[in-house]
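Hi everyone, thanks for coming. I'd like to walk you through a model I have been looking at, so let me put it up on the screen.

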Amino acid sequence: MKHSIGLLTGCGLAILAGTAALAQTEIRITHAMSSGAGAEAFNTIVANFEAANPGVTVNQIVFDDDIYSDTGLITQLQSNEVPDIYFQWAGYPVARDVEAGYAYDLSAAMADGWQATFIDSAFSAGAGTTVDGKVYMVPLSLDITNTIWYNKAIFAEYGLTPPATWEDFMGIVVTLAQAGETPIIEGNNELWPLGNWASHVAARVVDPVKYDAAFRQEMSFEEAGFLRPLEIMQELHNNGAFNVDMQGLGADPAMAGFFQEAAVMHPIGSWLVGSEGDLAEEGFEYGQFDTPVIDPAHPAPDSVIGTITGFVVHAQTTHPDEAIAFLKFLTSPESQVIWAEAGAISPVKGVGEMAKLGEQMQGIEAMLAGAQTMVPPPDTTYPVPVAEAYYQAAAYAASGEKTSIEALQWLDETVTAMGKQ
Amino acid sequence: MARGDNRVAPISTGAGNILFVAPAMLLFGVFVLLPLATSLYYAFTKWSGYAEPEWVGFANFARAFQDPVHLASYLHVTLYIIGTLFLEVSFGLVMAVVLNSDRFGFSIMRGMFFSPMVLSMTAAGVLWAFVLDYRLGLLNSVLRSFGLDGWAQPWLSQSETALIAIMFVSGWRFAGFYMIIFFAALRRIPRNIYEAATLDGAGPVKQFFTITLPLLRHQMLTCILLAVTGGFAGFDLFFTMTNGGPFNATEVPATWIIRQGFDNNELGYATALTVILAVVVLIVSLVYLRVVERANVVRY
């Protein structure tokens with residue numbers, strides 16, 4: 001009898017516990033923040049959200065960056081159990097998701113004052129977070145996809161200072177190369193690292209209308225004037241700018257190489273700051289300058305290259321309210337201060353002033369504030385195969401595999417062969 | 001007992017037997033025929049994997065025959081197959097002959113030579129990518145330690161050496177496999193043939209070309225078929241060591257298909273490339289089998 005009562009009590013407790021578990025709502029969020037300060041900050045924000053919302057748990061599905069963009073996201077979007085929220089790059093990917101019916105219209109949620117908490121440019125026509133005037137992406141970061149990081153100690157050793165002009169920059173490259181240093185390290189086996197920089201260079205020297213027309217396949221790259229940026233890449237190669245293993249090296253090992261003083265400069269995005277803690281030795285000092293003005297007569301001579309990244313709520317989510325609640329929490333000033341202090345540029349108003357930013361992030365903020373325009377990287381704005389073809393042409397010229405003229409010819413032939421994308 | 005009573009009952013051809021083959025046919029249909037049919041359909045569409053596929057007729061196939069990287073990928077895979085025939089099949093044969101002995105230590109050497117086969121191709125690729133790394137790799141470290149700094153090269157980062165490096169790793173991985181096939185066949189060749197040849201004054205080299213090679217012809221043809229078809233399907237070493245780079249210098253059909261399908265989100269085009277690859281492998285296999293069949297005909 002005693003045993004029977006104990007058994008019944010146990011069963012009762014188990015049922016109660018099960019009921020409590022059933023009452024718990026789980027939202028699934030997938031992204032590519034697998035390590036570094038950004039991942040730690042995100043985990044902290046998730047923990048804070050769960051503490052403030054005891055009925056909701058957040059299940060993170062995390063991928064390596066490349067796997068996420070290649071296969072990780074697409075397989076999840078089409079699975080039977082879709083993520084409630086997914087990470088995305090603004091621009092072409094968001095427009096594609098909207099067309100395919102994956103993105104949830106957030107306009108109504110934004111209308112209650114949420115949108116007003118972001119900087120105005122986060123939802124401008126060119127920001128890539130809206131489609132046909134409707135909001136589909138919650139901005140999380142303004143990512144500068146390319147700027148030039150440099151090793152302060154080596155610069156000091158050779159008496160160098162950040163360049164004011166492109167000629168100064170080439171002078172630095174030549175000085176370092178002649179001294180036996182590797183001036184620039186780039187890990188370009190995925191093509192986008194150098195491709196982003198080469199696109200920024202192109203955006204600085206090619207007429208903006210023709211630049212856009214070439215990537216939209218409305219004009220050949222030759223007609224648009226892309227010989228000049230490819231000549232610049234070839235000139236860098238001729239001056240011994242790049243590491244010899246550039247085309248076989250990955251983006252992450254190249255970043256590690258910069259922090260380990262294998263080279264003096266490293267053109268890559270603002271996310272480098274978030275990896276400093278994992279990769280740099282104590283006391284490693286580095287700074288940043290943007291690609292110097294190449295053509296002062298160009299309409300946008302000092303543009304910056306960057307994009308917005310953020311989160312999209314899946315159109316088939318079964319928990320839209322909880323998903324939106326989480327994203328509101330994530331983009332609250334309190335959470336964004338945590339996020340910004342981990343090395344991100346927050347799109348939320350006032351966070352830049354509230355957060356304790358390091359020297360590097362202050363430099364990035366100043367660069368953003370001083371830039372006339374922001375140009376997006378081609379692979380988030382135009383059809384990926386066209387962007388990839390330009391990236392490869394730039395790599396050809398930068399590594400000396402082809403001359404700039406041959407690379408341009410290859411580019412136009414390749415884009416023609418692929419047909420209208 | 002009548003003669004007919006002893007005959008084994010013929011396999012029934014009744015409709016009821018379809019029930020017994022139905023599960024196998026169902027599985028074959030669902031997992032082989034249906035994917036093949038849908039692949040054929042997608043090959044004629046423009047499909048990103050995100051939106052609905054759009055019928056484009058033969059446009060993907062027309063593009064494939066104008067795509068310089070795609071065309072070059074067949075040249076690369078042909079070079080790779082030629083390289084593997086030499087480094088894997090030929091070297092495996094030589095090692096089988098050299099190590100064909102019962103003396104002490106030879107079985108251990110055969111085991112060591114075969115041991116790379118126990119590694120997965122992916123693990124072998126990652127391992128060798130470390131060995132051949134320009135900065136920290138074992139090969140360049142050894143060269144530098146001997147003062148041969150000029151010999152240290154970015155083996156996997158330059159077009160001239162990347163494909164050769166992959167062929168070498170493939171040879172390291174598979175030569176032991178072919179050695180075992182040849183070794184097993186060598187053991188079945190009667191010793192008295194060699195003894196008779198020795199009495200007739202034939203040396204080891206002449207014995208190899210007049211006895212060993214002709215008697216290994218069937219195994220040789222099998223190994224060549226395995227190397228050729230395996231070469232066309234080659235993917236994992238290429239993916240882990242160079243991913244088709246640098247500058248598509250190690251791009252083979254499989255890596256180019258993956259790049260189109262998943263990097264560029266052109267699944268329709270990637271499927272068309274897959275159909276072309278399947279047809280090419282089928283044609284090569286049929287031609288090869290036809291040639292082998294003729295070679296095996298005994299003429300009186």
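I'll start with the contact between the chains, and then move on to some helices of chain B. Please keep in mind that this is a predicted model.

So, how many residues does each chain bring to the contact? Chain A gives 26 residues, and chain B gives 25 residues. On the chain A side, four helices each supply at least two residues: helix 3 (65–77), helix 4 (92–100), helix 18 (384–399) and helix 19 (404–418). Which of them has the largest share? That is helix 18 of chain A, with five residues. If you sort the side of chain A that touches chain B by class, you get twelve nonpolar, eight charged and six polar residues.

Let's stay with helix 18 of chain A for a moment. Its 16 residues reach 22 Å from the first C-alpha to the last, close to the 22 Å expected at 1.5 Å a residue. Is this helix enclosed or open? Here 16 of the 16 residues of helix 18 of chain A are buried, so the helix is largely enclosed by the rest of the structure. Right after helix 18 of chain A comes Gly400(A), with a positive phi near 80 degrees.

Now over to chain B, and a pair of helices there. Helix 3 (residues 68–98) of chain B packs against helix 10 (residues 217–232) of chain B at an angle of about 140 degrees, and their axes are 9 Å apart. The crossing of these two helices is right-handed. Which residues meet there? From helix 3 of chain B they include Val77(B), Tyr80(B), Ile81(B) and Leu85(B), and from helix 10 of chain B they include Cys223(B), Ile224(B), Val228(B) and Phe232(B). By class, this helix contact has ten nonpolar, two polar and one charged residues; Glu88(B) is among the residues that helix 3 of chain B brings to it.

Next, have a look at helix 7 (residues 159–186) of chain B. It has 28 residues and spans 39 Å between its end C-alpha atoms, close to the 40 Å expected at 1.5 Å a residue. Where does helix 7 of chain B bend? The place is Phe174(B), and the bend is about 40 degrees.

One last stop: Tyr41(B), in helix 1 (residues 18–43) of chain B. Tyr41(B) is partly exposed, because 14 other C-beta atoms lie within 10 Å. Its C-alpha is separated by 19 Å from that of Leu282(B), a residue 241 positions away along the chain.

That's my tour, and I'm happy to take questions.

Methods:
Residues numbered from 1 in each chain as written. Chains lettered and ligands numbered in written order. Predicted model: local features only at pLDDT ≥ 70, side-chain atom pairs only at ≥ 80, totals over all residues. Buried ≥ 20, exposed ≤ 12 C-beta atoms within 10 Å, placed from the backbone. Expected span 1.5 Å × (residues − 1). Bend = angle between axes of the 7 residues up to and from the residue. Contact = placed C-beta atoms within 7 Å. Nonpolar A, V, L, I, M, F, W, Y, C, P; charged D, E, K, R; others polar. Axes fitted to C-alpha atoms, helices over the stretch in contact; angles between N-to-C directions. Left-handed = near helix turned anticlockwise from the far one by under 90°.
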